[in-house]
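Reader: Hello! I would like to talk through the helix packing and the pockets of this protein with you. Shall we put the structure up and begin?

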Amino acid sequence: MSYKNILVDTRGAVGLIQLNRPKALNALCAELIEELNAALDAYEADPEIGAIVLTGSEKAFAAGADIKEMLPKSFQDVYMEDFISRWERVTRCKKPVIAAVSGYALGGGCELAMMCDFILAAENAKFGQPEINLGTIPGSGGTQRLTRFVGKSKAMEMCLTGRMMDAEEAERAGLVSRILPVAELLDEALKVAQAIAAKSLPSVMMAKEAVNAAYETTLTQGVRFERRLFHSSFALEDRREGMTAFSEKREPQFKNR
Ligand code: CAA
């Protein structure tokens with residue numbers, strides 16, 4: 001399938017999706033979101049793919065929702081089409097999705113990165129929820145996910161002032177897992193994704209599901225959910241292989257990667 005606003009490329013067992021609307025700093029127009037969703041559908045359905053990397057350009061991961069596209073919309077328009085609901089496809093992806101963020105991740109761009117499983121940031125990354133400067137508020141989970149990532153005080157300050165956070169502050173605050181030199185970001189993201197893809201996919205999916213449950217439930221329910229998934233991993237052939245390989249001091253040969 002050919003796309004106008006994204007580039008896709010398969011690297012080994014990793015599906016790479018690159019947002020590619022350079023003239024608008026990868027602003028997330030409706031067509032781009034539909035293409036992103038189609039690419040995620042394709043990689044999710046592809047048994048050869050074990051992990052996905054989502055990235056942008058060096059200057060911008062994404063500068064947010066497309067302001068020019070939103071400008072003429074009325075309340076009735078956005079309400080009737082349930083504007084933004086199509087953006088959440090990435091949260092339903094069972095395979096891991098790593099956001100490799102260089103440059104601006106603002107508004108919907110920051111929200112899209114936060115919907116991924118973890119964020120690797122380049123040294124020049126800048127995160128922010130500047131919607132307040134447009135007379136509106138974050139609409140794709142920013143007030144909720146940013147608060148869970150960095151706590152109320154910093155999330156509130158960012159949503160009320162529109163201030164941007166640089167990569168170091170984002171790492172200190174727990175928004176990103178690691179910072180990398182700009183030139184190394186994509187290679188490292190692909191390397192991490194490849195390493196994940198080499199593991200047993202069912203157990204990767206279970207780990208992802210269990211960590212994500214931490215955001216949706218109480219500690220007691222979350223731990224119980226984890227325990228059930230842990231128990232069910234004992235039904236996997238790959239679990240027996242993993243433990244056998246450890247005992248025999250060799251690398252595991254997982255069948256379900
Ligand atoms: N929507 C549409 N176009 C955008 C855009 C956006 N979010 N962000 C940048 N662009 C366009 C600019 O209009 C400009 O296009 P033209 O050359 O045709 O004028 C081009 O991209 C380059 O942008 P700048 O000239 O502004 O580049 P800069 O380097 O001077 O500034 C920036 C970079 C600070 C990111 C600035 O572009 C900016 O502030 N962008 C808007 C950021 C923003 O407010 N995002 C939130 C959007 S609302 C949202 O996301 C709602 C939600 O929660 C879902």
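Reader: In which kind of crossing does α4 pass α5, left-handed or right-handed?

Author: Happy to start there, with the reminder that this is a predicted model. The axes of α4 and α5 lie 10 Å apart where the two helices pack. The way in which α4 passes α5 is a left-handed crossing.

Reader: Are α4 and α5 roughly parallel or oblique to each other?

Author: The angle at which α4 and α5 pack is about 55°. Angles under 35 degrees would count as roughly parallel, and 65 to 115 as roughly perpendicular. The pair fits neither class, and α4 and α5 are therefore oblique.

Reader: What about α5 and α6, are they roughly antiparallel or oblique?

Author: Helix α6 covers residues 152-161, and its axis is 7 Å from that of α5. α5 passes α6 in a right-handed crossing. Their packing angle is about 140°, while roughly antiparallel needs an angle over 145. α5 and α6 are therefore oblique.

Reader: Good, now to the pockets. Which element gives the largest share of the lining of the largest pocket?

Author: The largest pocket has a volume of about 730 Å³. Elements giving two or more residues to its lining are α4 (108-115), β7 (118-122), α5 (142-150) and α9 (201-213). The largest share is five residues, and it comes from α9.

Reader: Which domains each give at least three residues to that lining?

Author: The lining of the largest pocket has 25 residues, and nearest the centre are M114, C116, D117, N212 and Y215. At least three lining residues come from each of two domains, namely domain 1 (4-195) and domain 2 (199-246).

Reader: How many residues in the lining of the largest pocket are nonpolar?

Author: Let us split that lining by class. Five of its residues are polar and five are charged. The nonpolar residues number 15.

Reader: And how many charged residues does the lining of the second largest pocket have?

Author: The second largest pocket has a volume of about 430 Å³. It is lined by 22 residues, with A65, M70, E131, T136 and I137 closest to its centre. By class, twelve of the lining residues are nonpolar and eight are polar, and the number of charged ones is two.

Reader: Which helices each supply at least two residues of the lining of the second largest pocket?

Author: α4 already came up as a contributor to the lining of the largest pocket. For the second largest pocket, the helices that each supply at least two residues are α2 (67-70) and α4.

Conventions:
Residues numbered from 1 in each chain as written. Predicted model: local features only at pLDDT ≥ 70, side-chain atom pairs only at ≥ 80, totals over all residues. Heavy atoms only, no water. 1 Å grid on protein atoms, 1.4 Å probe; cavity = no way out; pocket = protein on both sides within 12 Å on 5 of 7 lines; lining within 4 Å. Points joined across faces, edges and corners; volume = space filled by probe spheres on them. Helix = DSSP H or I, 4+ residues; strand = E, 2+ residues; numbered from the N terminus. Nonpolar A, V, L, I, M, F, W, Y, C, P; charged D, E, K, R; others polar. Domains from an automatic or database assignment. Axes fitted to C-alpha atoms, helices over the stretch in contact; angles between N-to-C directions. Left-handed = near helix turned anticlockwise from the far one by under 90°.
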